[in-house]
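Subject: Handover of a structure and findings

Dear colleague,

Please find below the structure for your review. The findings follow directly after it.

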Amino acid sequence: MIKVEDIHKSFGNLEVLKGVDLQVAKGEVVSIVGASGAGKSTLLNIMGSLMEPSGGKVVIAGTDIFALPDKSLAAFRNREIGFVFQFHHLLPEFTALENVMMPALIGGAKWGSKEVEARAMMLLEDLGVGERMHHKPMQMSGGEQQRVAIARALMNNPAVLLADEPSGNLDSRNKEELHKLFFMLREKYNQTIVIVTHEMELARMCDRCIEMKDGVILDSGSDAISGERSLAAQSSAREETL
């Protein structure tokens, strides 16, 4: 579903990504972990076409996304890529239902379309906030707002869902519920999900845990705790040396 080939990214003289290769299968839930500055969010932003690489290519669902003209890329992003961020970025003047419908409306659907409204309502129900669909963001808790943001990301039935620290702004109870939610989405929609996270509890739940450091992938993760094992092994080796 996602193929990243030899991705480089520099900001002036600072090289943030140094030839990253990565593949994610359809229906796979993958986490990306590493210290701050490792390049995790930069890689995710490039995968989502929010940022253009200095070199390399990204193929999503068979489409070389950076080979597309700007307008075609914007349409592809709206249709095939769903985004979830640490801060939900809901539009405060609109209800939950209207926020969820927004990507379809941007894509050309007509306001008031019964099909669009029905899908938005279904997603809100699936995500456990159906009773909040006519509430505005300020009338909802942080956890509820994040669930609405996930419903919005899924509105156009995207090929991939990309999440950047999605539970970073939530309390422990809402974090746990949100983590379980991602796997419900995979089971129900066969959704392909890539999550950048510092939460090792979430990383351990994923099919694979990809560890990054200094702009490269150290471990592409044959299992979900390989990154944690690698870090533990390095720590043990240092202790033995001392």
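What is the volume of the largest cavity? In this predicted model, the largest cavity has a volume of about 30 Å³. The count of cavities of 30 Å³ or more comes to one.

The lining of the largest cavity consists of Leu 44, Asn 45, Leu 50, Phe 83, Val 84, Phe 85, Leu 162 and Asp 164. Helix 1 (40-47), strand 6 (81-85) and strand 7 (160-164) are the elements that each give two or more residues to this lining. The greatest contribution is that of strand 6, with three residues. By class, six of the lining residues are nonpolar, one is polar and one is charged.

I turn next to the sheet. Strand 6 and strand 7 belong to an open sheet of six strands, whose order is 6-7-8-3-9-10 and whose pairing is mixed. Strand 6 and strand 10 (216-219) are the edge strands, each pairing on one side only. From one strand to the next, the twist averages 25 degrees. Strand 7 runs parallel to strand 8 (residues 192-196), and five bridges join the two. Within this pairing, Leu 161 has Ile 193 in strand 8 as its bridge partner.

Two helices should be described together with these strands. Helix 2 (residues 70-80) lies across strand 6 and strand 7 and runs at about 70 degrees to strand 6. Helix 5 (residues 142-154) packs on the sheet, where it touches strand 6 and strand 7. The direction of helix 5 makes about 165 degrees with that of strand 6.

One residue of helix 5 deserves a separate note, namely Gln 146. Is Gln 146 buried or exposed? Its relative accessible area is 2%, and Gln 146 therefore counts as buried, the cut-off for that class being under 20%. Leaving aside residues up to four places away in sequence, Gln 146 touches Val 84, Phe 85, Gln 86, His 88, Pro 166 and Leu 178. Val 84 and Phe 85, among these contacts of Gln 146, are also among the residues that line the largest cavity.

To draw the findings together, strand 6 is an edge strand of the sheet, gives the most to the lining of the largest cavity, and is touched by helix 5.

With kind regards

Terms used. Residues numbered from 1 in each chain as written. Predicted model: local features only at pLDDT ≥ 70, side-chain atom pairs only at ≥ 80, totals over all residues. Heavy atoms only, no water. 1 Å grid on protein atoms, 1.4 Å probe; cavity = no way out; pocket = protein on both sides within 12 Å on 5 of 7 lines; lining within 4 Å. Points joined across faces, edges and corners; volume = space filled by probe spheres on them. Helix = DSSP H or I, 4+ residues; strand = E, 2+ residues; numbered from the N terminus. Nonpolar A, V, L, I, M, F, W, Y, C, P; charged D, E, K, R; others polar. Pairing = 2+ DSSP bridges. Axes fitted to C-alpha atoms, helices over the stretch in contact; angles between N-to-C directions. Contact = heavy atoms within 4.5 Å. Buried < 20%, exposed > 50% of the residue type's maximum accessible area, 1.4 Å probe, protein only.
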